[in-house]
Amino acid sequence: MNMIGYGLAAIGPGVGIGLIFAAYINGVARQPEAQSRLQSIAILGFALAEALAIIGIALAFVL
């Protein structure tokens, strides 16, 4: 039962990661010279969003 809950909870980080990289692609398309700055911000956002999914799966196994 808790794996079903994790599957539903994984939708949030999945959508978040999609929005992060959509904004990154949009920003680079508008200002290619800002790619290096935007890339580091996008990777940091990806890591934070992915951490939520990892914490969720750990809690699914613990609980």
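Over residues 6–29 the chain is 96% helix and 0% strand, and the C-alpha atoms at the two ends of that stretch are 35 Å apart. I should say at once that this is a predicted model, and that everything I describe this morning is computed from it. The stretch at residues 6–29 is one of those to which UniProt, in an unreviewed entry, gives the feature "transmembrane region", and the record places that feature at residues 41–62 as well. Over residues 41–62 the chain is 100% helix and 0% strand, with the end C-alpha atoms 32 Å apart.

A further annotation, also from an unreviewed UniProt entry, is the domain named "V-ATPase proteolipid subunit C-like", which covers residues 4–63. Over residues 4–63 the chain is 90% helix and 0% strand, while the end C-alpha atoms of that range are 13 Å apart.

Let me turn to the chain as a whole. It holds 3 helices and 0 strands, and read from the N terminus the order of elements is α-α-α. The radius of gyration is 15 Å, well over the 11 Å that the globule rule gives for 63 residues, so the chain is more spread out than a compact globule. Along the principal axes, the C-alpha trace spans about 50 × 15 × 5 Å. Of the 63 residues, 16% count as buried, and the chain exposes about 4,700 Å², of which carbon and sulfur atoms supply 74%.

Some pairs of positions help to place the helices in space. R30 is a residue of helix α2, and it counts as exposed because its relative accessibility is 67%, above the 50% cut-off. From R30 to F61 there are 31 residues in sequence, and the distance from C-alpha to C-alpha is 43 Å. Set beside that the pair V62 and N2, which are 60 residues apart along the chain but whose C-alpha atoms are separated by 9.6 Å. V62 belongs to helix α3 and, with a relative accessibility of 65%, is counted as exposed.

Within helix α2 we can also look at A29, which is exposed at a relative accessible area of 61%. The C-alpha atoms of A29 and I11 are separated by 27 Å, with these positions 18 residues apart along the chain. I11 lies in helix α2 too, but I11 is partly exposed, with a relative accessible area of 49%.

I11 brings me to the surface. Which residues form a nonpolar patch there? They are M1, I4, L8, I11, V15 and L19, and together they have about 710 Å² of accessible area. The elements that give two or more residues to this patch are α1, at residues 2–9, and α2, at residues 11–30. Helix α2 gives the most, with 3 residues.

The last item is aromatic contacts, and here the count comes to 1 aromatic pair. The partners are F21 and F46, whose ring centres are 5.8 Å apart and whose planes stand at 55°, so the pair is tilted. For the classification, planes under 30 degrees apart would count as stacked and planes over 60 as edge-to-face, with the rest taken as tilted. F21 lies in helix α2 and F46 in helix α3, which runs over residues 35–62, so the pair ties together parts that are 25 residues apart in sequence.

Are these two rings buried or exposed, or somewhere in between? F21 has 30% relative accessibility and counts as partly exposed, and F46, at 33% relative accessibility, counts as partly exposed as well. The reason is that buried means under 20% relative accessible area and exposed means over 50%, so values of 30% and 33% fall in between.

To draw this together with due care, the predicted model shows a chain of 3 helices and 0 strands, with a tilted pair formed by F21 and F46 that ties helix α2 to helix α3. On the surface there is a nonpolar patch to which helix α2 gives the most residues.

Conventions. Residues numbered from 1 in each chain as written. Predicted model: local features only at pLDDT ≥ 70, side-chain atom pairs only at ≥ 80, totals over all residues. Heavy atoms only, no water. UniProt positions renumbered as here; feature names shortened; annotations may be inferred. Helix = DSSP H or I, 4+ residues; strand = E, 2+ residues; numbered from the N terminus. Patch = residues over 30% accessible without salt bridge, like charges linked within 9 Å, V, L, I, M, F, W, Y side chains within 5 Å. Areas by Shrake-Rupley, 256 points an atom, 1.4 Å probe, with all protein chains shown as cover. Salt bridge = Lys/Arg side-chain N within 4 Å of Asp/Glu carboxyl O. Buried < 20%, exposed > 50% of the residue type's maximum accessible area, 1.4 Å probe, protein only. Phe/Tyr/Trp six-rings, centres within 6.5 Å; stacked < 30°, edge-to-face > 60°. Rg over C-alpha atoms; globule rule 2.2 N^0.38 Å.
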